Amino acid sequence: MISPPFIIFIVIIGLIIFASFFIVKQQSAAIIERFGKFQSIRQSGLQFKIPLIDKVSGKLSLKIQQLDVIIETKTLDDVFVKLKVSVQYKVIRDKVYDAFYKLDYPHDQITSFVFDVVRAEVPKMKLDDVFVKKDDIAIAVKRELQEYMTDYGYDIIKTLVTDIDPDAQVKAAMNRINAADREKTAAQFEGDAQRILIVERAKAEAESKRLQGQGIADQRREIARGLEESVEVLNKVGINSQEASALIVVTQHYDTLQSIGQETNSNLILLPNSPQAGSQMLNDMVASFTASNQIGEAMKNAKTKKLEE
């Protein structure tokens with residue numbers, strides 16, 4: 001029968017052997033110390049250490065990590081602004097010793113460098129330039145960090161200025177300036193559109209008047225041509241020009257009466273339409289033409305007599 005002390009001894013030996021093995025995860029490194037002194041660096045996989053002598057002092061991740069740093073600083077035009085700088089970094093595989101032993105708090109060290117660089121660069125710029133040149137700020141931060149952190153076993157992969165947040169009043173003022181500028185541009189476009197519309201409308205009206213005048217001129221030309229042909233026809237049957245003109249006028253008078261009578265929607269118009277009125281109109285026209293011819297002849301004779309004297 002196995003005695004209890006022997007069982008305890010076997011259990012202790014098993015625990016010691018079990019404690020001799022440990023696992024290091026992928027993309028990680030373990031620091032082994034022996035009696036408090038650095039012994040070795042173990043990479044990923046199943047590893048062995050001497051029990052009670054060797055100790056896993058710590059582990060470091062070899063993955064790319066990100067640290068977000070928020071800095072409040074002042075620009076050249078005295079505007080306070082908050083910047084969010086994201087630093088992507090990793091431990092250099094060949095410098096795990098430096099990364100573990102030279103820095104206790106790498107995050108604090110990186111944050112201090114970021115503060116120093118940003119507060120040296122941003123006060124040289126106006127607020128608008130901070131937005132435009134944010135990549136220049138990121139490059140300056142990366143250059144400064146890379147120079148110092150390499151000695152401590154860290155590689156700076158990339159730095160990004162991911163957010164620029166001015167004071168709320170400053171943002172409201174910037175929005176008002178932008179809105180006013182857009183309203184000004186919109187007003188200019190509307191004014192140009194109105195001007196073009198007025199010009200085009202004036203051109204269209206001028207063209208309409210030109211065509212209307214041309215139409216009236218053509219109409220009068222044709223009326224005159226028709227009257228001339230009518231007078232020639234009447235002259236051939238022994239009616240002189242005065243009587244022919246009067247006859248044409250009377251004929252147009254009765255044509256007008258006929259046209260008005262055929263229109264159902266016409267308003268009430270009172271015009272003389274008896275035969276006596278037509279005869280009187282004809283006699284008045286003939287008398288008027290005769291009188292005008294006599295006056296013209298008298299003026300012509302007077303002018304001739306005056307020239308002879």
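## Exercises on an aromatic cluster

Tyr-101 counts as partly exposed, with a relative accessibility of 31%. Keep that residue in mind as you work through this predicted model.

**Exercise 1.** Find out which residues the ring pairs link into a cluster with Tyr-101.

*Solution.* Start with the whole structure, where a search finds seven aromatic pairs. One of them joins Phe-38 and Tyr-97 edge-to-face, with 4.9 Å centre to centre and 75° between the planes. Phe-38 belongs to strand E3 (residues 37-42) and Tyr-97 to helix H2 (residues 96-101), so this pair ties together parts 59 residues apart in sequence. Next comes the pair of Phe-100 and Tyr-101, also edge-to-face, at 4.9 Å centre to centre and 80° between the planes. Put together, ring pairs link Phe-38, Tyr-97, Phe-100 and Tyr-101 into a cluster.

**Exercise 2.** Decide whether Phe-38 and Tyr-97 are buried, partly exposed or exposed.

*Solution.* First recall the cut-offs: buried means under 20% relative accessible area, and exposed means over 50%. Phe-38 has 29% relative accessibility, so Phe-38 is partly exposed. Tyr-97 has 39%, so Tyr-97 is partly exposed too.

**Exercise 3.** Describe the protein chain around these rings: what is its secondary structure, and what share of its residues is buried?

*Solution.* Begin with the secondary structure, which comes to eight helices and eight strands. Then turn to burial: 22% of the 309 residues count as buried. For the surface, the accessible area is about 22,000 Å², and carbon and sulfur atoms hold 57% of it. Finish with the contacts: among those with a separation of 6 or more, 63% are between residues 24 or more positions apart.

How values were computed: Residues numbered from 1 in each chain as written. Predicted model: local features only at pLDDT ≥ 70, side-chain atom pairs only at ≥ 80, totals over all residues. Heavy atoms only, no water. Helix = DSSP H or I, 4+ residues; strand = E, 2+ residues; numbered from the N terminus. Buried < 20%, exposed > 50% of the residue type's maximum accessible area, 1.4 Å probe, protein only. Contact = heavy atoms within 4.5 Å. Areas by Shrake-Rupley, 256 points an atom, 1.4 Å probe, with all protein chains shown as cover. Phe/Tyr/Trp six-rings, centres within 6.5 Å; stacked < 30°, edge-to-face > 60°.
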